[in-house]
Structure formats: C-alpha cells, structure tokens
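Colleague: I should like to learn how to read a structure of this kind. Could we take a few features in turn?

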Amino acid sequence: MNYLEIINKCLMELNYKRVRTFDELVKNDHAKIKNILNIINSEICTFENWNFLLRKKILHLPKNTTELINSVNGKIHTLSIDGKKYVYTQDFEAFILNNAPQEKYSVLNDMLLFPNFEEDKNIDVIYYTNDFVKSADGSEKMHLEKEDDSPQIPDPFAEPLLVYGTCMRMKANPNYGKFSYWLNMYKENLANMRSKLCTDIKQSPSITIERI
C-alpha cells in the first residue's frame, strides 16, 4: 500500500473526503495527516530491532588509517574485519592515543575508530537502517514524500498500524468516540506484528548489499 492509499484510508476513517490525486492534499488537516504518518512510521520502525530493517554494507578502510567517516545510516548490529567480529567499546580515547584494543572499534562524533592496519581492509557491517521508506523504484529513504512511496513495515501490518496510529494521534482525545477503538486496534496489530516477526538478532536476516 502506497502513501496516497494510506492517506485516503486515514481520511475515510476520520470521515473526511477522499482525494483522487496527491495534488489535492492542500488543506491543513491533510498536512497534519502526512506529518503524523511519518512520525508513526518512524516510531514503529524504532520500537524494535526489526529484521525487515537489517541491511549489509561494506566499508573500505585504507591502510594506516584509523578513522573513517560513519556512512552507516542506522544502528550497527555486527561489524567484522577479515571474518573476525569487532566489538564496540566506549573507550574512544584509547584509539585517539594510539592504544587501540584488538578486535574492538569505537565512535567519536561522526567517525568510526579502528586499530591501525598495515594493509587496506574491507569492513563488513550489518545494521538496522534508518531508511524507513521504499520509493517506487526500490530505493530507500527516511520519509514518506511521494504518493507512490511505501513504508518498510511489512504487509499486512502497515495499513492498520499507520491508519489507526495516525487517526489516534490526529484526534488525541480519549473522549473522542472512536479513540478507544483506534487505540485498541493499534495495540493489537503492534502486538501481532511483534509475535509474528521474530526480532531475535540470532535469526538469519534477509540482507540487502550496498557497496560504496
């Protein structure tokens, strides 16, 4: 289900008039719905370490280089070099002072920190992407913008979660007639997605490979 279809579902649930084209979304409430949809989509995607957000990326570390701009758009799950897993440490000072521990990495601002290597290295990174949206051409991005964009949340969970969550946030009044229904349906579908989509990090993920 794409962005425009989800917006129309929200409009119907809120007893508003549906639109035929994306260009008709010009009212203040239309803007609110679009904004809230993106907020709800992002919140759901960050609730858990969902396997549908796992991606793989290969970074290139030149020899005698200990710092690399962090181009990973998300939370690192696993980082490995030469088939060995490197564990994150908060002790970034050890890297700055040329006393880096073996098989560990750290982060300082927007830089990834590594031990010094005497040859070029490929760094394999598995991470949870912050790109919560798919474009019609298959590319990924952070926000719903175009009418044919789609959320990363799998069917059949995307529609009820985004529609009920958005309607609930639009009204934001527990005394509103349908508020309790929207809240219960949102919670029920979120619990259902949690139970059916394994979030255990030991489960084998489906990985998209991106080279830079």
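Modeller: Certainly. Please bear in mind that this is a predicted model. We may begin at the surface, where F92, I96 and L97 form a nonpolar patch with about 280 Å² of accessible area together.

Colleague: Is L97 buried or exposed, and why?

Modeller: A residue is called exposed when its relative accessible area is over 50%. L97 has 64% relative accessibility, so it counts as exposed. Its place is in the loop between α3 (92-96) and β5 (104-108).

Colleague: How should one read a helix such as α1?

Modeller: The general idea is that an α-helix has 3.6 residues a turn, so residues three or four places apart point the same way. In the present case, eight of the 11 residues of helix α1 (residues 3-13) are buried, so this helix is largely enclosed by the rest of the structure. Among the buried residues are Y3, L4, I7 and L11.

Colleague: Against which elements do the buried residues of α1 pack?

Modeller: They pack against α2 (28-47), β10, α4 (158-171) and α5 (179-196). The ends of the helix also deserve attention. At its start, a side-chain oxygen of N2 lies within 3.2 Å of the backbone nitrogen of L4. Just after α1, N15 has a positive phi of about 65 degrees.

Colleague: In what order do the strands of the open sheet stand?

Modeller: The order of the three strands is β9-β8-β10, with antiparallel pairing. β9 (140-141) and β10 (150-151) are at the edges with a single partner strand each, so one side of each is left without a neighbour in the sheet. Strand β8 (residues 133-134) is joined to β9 by two bridges, and V133 has K141 as its bridge partner in β9.

Terms used
Residues are numbered from 1 along each chain as its sequence is written. This is a predicted model: local features need pLDDT of at least 70, side-chain atom pairs count only at pLDDT 80 or more; totals for chains, interfaces and linings use all residues. Side-chain values use heavy atoms; hydrogens and water are left out. Two strands pair if DSSP finds at least two bridges between them. Helices (H or I, at least four residues) and strands (E, at least two) are DSSP runs, numbered from the N terminus. Patches are made of residues with over 30% relative accessible area and no salt bridge: like charges are joined within 9 Å, nonpolar side chains (Val, Leu, Ile, Met, Phe, Trp, Tyr) within 5 Å. Accessible areas come from the Shrake-Rupley method with a 1.4 Å probe; for residues, only the protein chains shown count as cover. A salt bridge is a side-chain nitrogen of Lys or Arg within 4 Å of a carboxyl oxygen of Asp or Glu. Buried means under 20% relative accessible area, exposed over 50%, partly exposed in between (1.4 Å probe, protein chains only). Contact means heavy atoms within 4.5 Å. A polar contact is a pair of N or O atoms within 3.5 Å; within protein, one must be able to donate a hydrogen and the other to accept it, and residues adjacent in sequence count only if both atoms are side-chain atoms.
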